[in-house]
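Here is a guided walk through a single structure, meant for someone who has not met it before. Please keep the sequence and the model in view while reading.

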Amino acid sequence: EALRSHGYHHLLEDPDRLIYAIKREVRGCQVGVYGLNSAWSCGRDAEKGRLWAAGRWQVGRLTQKLPENDVDVPVALIHHPGGWLKEEEDPDFPTHLGEVLPVHLHGHEHQGWVDERADGRLRVAASACYERPGRPCGYSFVTIDLAARSADIWLRRYESEGRGGWVPRVLPGHTDNRGVYSIRNLTWLPSAPLPAVAAAHRNEPGEPDEAGPDDAARMGKGADR
């Protein structure tokens with residue numbers, strides 16, 4: 001009812017299960033968004049390792065509606081990470097999900113982390129913009145350069161000292177001093193760049209690109225709340 005009243009009708013393709021698959025064109029790039037539901041069996045305390053998702057069925061259902069081969073960048077959205085599922089589904093389902101849909105975004109644990117496979121398939125865990133007192137707050141953006149077949153994950157955290165504000169989240173051995181985790185081998189992307197999209201510049205998200213906005217195809221990753 002909340003989705004209906006606030007106009008999120010694209011999320012109501014399957015109102016009985018609350019899963020969906022949609023395709024959007026972003027500057028000539030076909031982006032497929034696959035919304036999976038990990039909360040079917042939620043409703044108790046201490047749920048870690050006790051949730052059923054029927055994950056393989058969900059992936060099969062959604063990719064039947066929107067085949068992953070029909071889009072350039074397939075993105076899976078799901079709330080819980082695999083470790084919250086029953087042992088009958090973890091790690092089988094998360095592994096399967098990464099094989100079929102190469103970009104996997106999830107939240108719930110608020111860890112703010114990036115896992116990368118050798119072929120550039122990635123799982124990005126969201127931080128939380130608004131967390132309990134004493135807990136870290138953060139967010140991230142993912143930018144994808146189709147021509148270079150690469151990606152940058154921009155990690156941010158809230159610094160409460162001084163006047164307070166958002167600053168780069170620097171992870172030694174993983175990010176640079178801007179808080180950027182770089183991936184340079186997205187082998188799952190189309191072998192030839194789309195003609196309408198040129199190479200992306202390495203500017204801070206929100207900074208103007210010198211050659212104009214049409215030079216980059218970008219995907220924004222909001223924080224899990």
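In what follows, Ala, Val, Leu, Ile, Met, Phe, Trp, Tyr, Cys and Pro count as nonpolar, Asp, Glu, Lys and Arg count as charged, and the others, Gly among them, count as polar. With that sorting in hand, the residues that line the second largest pocket divide into six nonpolar, one polar and four charged. This pocket holds about 170 Å³ of space, and its lining is made up of E68, N69, V71, D72, P74, E99, V100, P102, R121, W188 and P190. The model is a predicted one, and every value here should be read with that in mind.

Stepping back to the whole chain, one finds three helices and 11 strands, which follow one another along the sequence in the pattern α-β-β-α-β-α-β-β-β-β-β-β-β-β. The protein chain has 225 residues, of which 44% count as buried. Among the contacts in the chain with a separation of 6 or more, 58% are made by residues 24 or more positions apart.

From the open pocket we can turn to the enclosed spaces, where a probe fits but cannot get out. The structure holds four cavities of 30 Å³ or more, and the largest cavity has a volume of about 50 Å³. Which residues line the largest cavity? They are I78, H80, P81, G82, L85, F93, P94, L97 and H104, and by class this lining has six nonpolar, three polar and no charged residues. Helix α3, which covers residues 92–100, gives the most to the lining of the largest cavity, with three residues.

Helix α3 deserves a further look, since its buried residues are F93, P94, H96, L97, G98 and V100, and these buried residues pack against α2, β3 (73–78) and β4. Strand β4, which spans residues 103–106, is the place of H104, one of the residues that line the largest cavity. H104 counts as buried because its relative accessibility is 8%, where buried means under 20%. Leaving aside its neighbours within four places in sequence, H104 is in contact with A76, I78, L97, L122, R123 and V124. Of these contacts, I78 and L97 are also in the lining of the largest cavity.

A next theme is the aromatic rings, for which the count comes to four aromatic pairs. In one of them, the rings of W40 and W57 have their centres 6.4 Å apart and their planes at 55°, so the pair is tilted. This pair links distant parts of the chain, with W40 in the loop between β2 (29–35) and α2 (55–65) and W57 in helix α2, 17 residues apart. Are these two residues buried or partly exposed? W40 counts as partly exposed at 36% relative accessibility, and W57 likewise counts as partly exposed at 36%.

Another aromatic pair, formed by Y139 and W166, is edge-to-face, with 5.0 Å from centre to centre and 70° between the planes. Because Y139 lies in strand β7 (residues 138–145) and W166 lies in strand β9 (residues 165–168), the pair ties together parts that are 27 residues apart in sequence. Y139 counts as partly exposed at 22% relative accessibility, and W166 is partly exposed as well, with a relative accessible area of 38%. Ring pairs link Y139 and W166 with F141 and Y158 into a cluster.

The cysteines give a plainer picture, for the structure holds zero disulfides. C137 is in no disulfide, and the nearest cysteine sulfur, that of C129, is 7.7 Å away, whereas a disulfide would need the two sulfur atoms within 2.5 Å. C137 is buried, with a relative accessible area of 17%, and C29 is buried too, with a relative accessible area of 3%.

The last stop is S182, whose place is in strand β10 (residues 180–183). At 33% relative accessibility, S182 counts as partly exposed. Leaving aside its neighbours within four places in sequence, S182 is in contact with A151 and D152. S182 and E116 are 66 residues apart in sequence, and from C-alpha to C-alpha they are 10.0 Å apart in space.

Note on methods:
Residues numbered from 1 in each chain as written. Predicted model: local features only at pLDDT ≥ 70, side-chain atom pairs only at ≥ 80, totals over all residues. Heavy atoms only, no water. Buried < 20%, exposed > 50% of the residue type's maximum accessible area, 1.4 Å probe, protein only. 1 Å grid on protein atoms, 1.4 Å probe; cavity = no way out; pocket = protein on both sides within 12 Å on 5 of 7 lines; lining within 4 Å. Points joined across faces, edges and corners; volume = space filled by probe spheres on them. Helix = DSSP H or I, 4+ residues; strand = E, 2+ residues; numbered from the N terminus. Phe/Tyr/Trp six-rings, centres within 6.5 Å; stacked < 30°, edge-to-face > 60°. Contact = heavy atoms within 4.5 Å.
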